[in-house]
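I opened this notebook to look for enclosed empty space in a protein model, and then to see how two of its helices pack. The entries follow the order in which I looked things up.

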Amino acid sequence: MTTTNPREEPDPFRPALVTLSEDVRERVDELLGGLRSEGRALEWLQEVTIRTLGTIDKRVYSDFARQFRGQQGVLLAAMLEPSARRGRMRGLDDEVAERTREHLVAHYVTPAHRKAFRRLRRDATDYADAAGDGDAHNPKRQRFVAMRPELSELEQWQQRALDSLLEGFDDRSELLEWSHDLLLATHGELDEEWVTRVYDEESTASVMLGETPEDKRARRLFAAHHLLPYYRAGVRVLSGRASEVADEGTERTEAKFA
């Protein structure tokens, strides 16, 4: 009598759902191990935002932004490897940091993952005759977030805009060039006067163009407080309209069901 190994991973007949879950799992594993820098923490939240389809609780963004005000906050320090902690946070107990990271996952990432899964399952395609490691629909072979090219394109714009901000700008004309990337990175969710205020306000422009450690840290605060919430808004709008695309090269039998 043939028995099935209970530890064996099932064939992925609805690979978009598996792809979504595996992408979230990778970010969770990275966080639980500690992130390498404050900049990586910003990138991590951006990546989790898009992989949970913008369902992360708004409070995460406001709490996260506060971590960059003045001295490094406890939450941010706990998210980081010990070598990346600053000032008084260098002495943060490793066990406390570990519990804090787990709390973030348990109370915010896991619920958002569930919401994203339930949202995606309405439109996830069932490839009834296509499964297995050699198939193009295998989750490990997918290039796109949740198998939706529109989401991956949005993420590329988000990464580009965030990288530009963290690096800083040479002059105000570059801020105007940056605004084109921002429009795409936020899927048009920016306030109408947002870029104009950044350009006009002397203190903001000075930080954007500055090269001191204080300017760089202020840009990280700006990204956390002003940019990432708009990333969340853009993902929420786009995720309901993005269509599924698998790697080419296989015949498939499809059936959509919730």
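Entry one. Before counting anything I wrote down what I was counting: a cavity is a set of grid points where a 1.4 Å probe fits but cannot get out. I also noted that the model is predicted.

Entry two. Rolling a probe the size of a water molecule over the atoms shows where empty space is left. Taking cavities of 30 Å³ or more, I found a count of one, and I noted that the largest cavity holds about 30 Å³ of space.

Entry three. I then asked which residues line the largest cavity. The lining is made up of W44, L45, I56, V60, L104, Y108 and V109, and when I sorted these residues by class I got seven nonpolar, no polar and no charged. Helices α2 (38–51) and α5 (94–121) each supply at least two residues of this lining, and α5 gives the most, with three.

Entry four. Next I turned to a helix pair, which is described by the angle between the axes and the distance between them. For α2 and α3 (residues 58–66) I recorded a packing angle of about 175°, with the axes 12 Å apart. Angles over 145 degrees count as roughly antiparallel, so α2 is roughly antiparallel to α3.

Entry five. Looking at where these two helices meet, I listed A41, L42, L45 and T49 on the α2 side, and V60, Y61 and F64 on the α3 side. By class, this contact has six nonpolar residues, one polar and no charged. I marked L45 and V60 in my list, since they belong to the contact of α2 with α3 and also to the lining of the largest cavity.

Conventions
Residues are numbered from 1 along each chain as its sequence is written. This is a predicted model: local features need pLDDT of at least 70, side-chain atom pairs count only at pLDDT 80 or more; totals for chains, interfaces and linings use all residues. Side-chain values use heavy atoms; hydrogens and water are left out. On a 1 Å grid over the protein atoms alone, a cavity is a set of points where a 1.4 Å probe fits but cannot get out, and a pocket is an open set with protein on both sides within 12 Å along at least five of seven lines; lining residues have an atom within 4 Å of a point. Grid points are joined across faces, edges and corners, and a volume is the space filled by probe spheres set on the points. Helices (H or I, at least four residues) and strands (E, at least two) are DSSP runs, numbered from the N terminus. Ala, Val, Leu, Ile, Met, Phe, Trp, Tyr, Cys and Pro count as nonpolar, Asp, Glu, Lys and Arg as charged, and the others, Gly among them, as polar. Axes are lines fitted to C-alpha atoms, for helices over the stretch in contact, and angles run from 0 to 180 degrees between N-to-C directions. Angles under 35 degrees count as roughly parallel, over 145 as roughly antiparallel, 65 to 115 as roughly perpendicular and the rest as oblique. Contact means heavy atoms within 4.5 Å.
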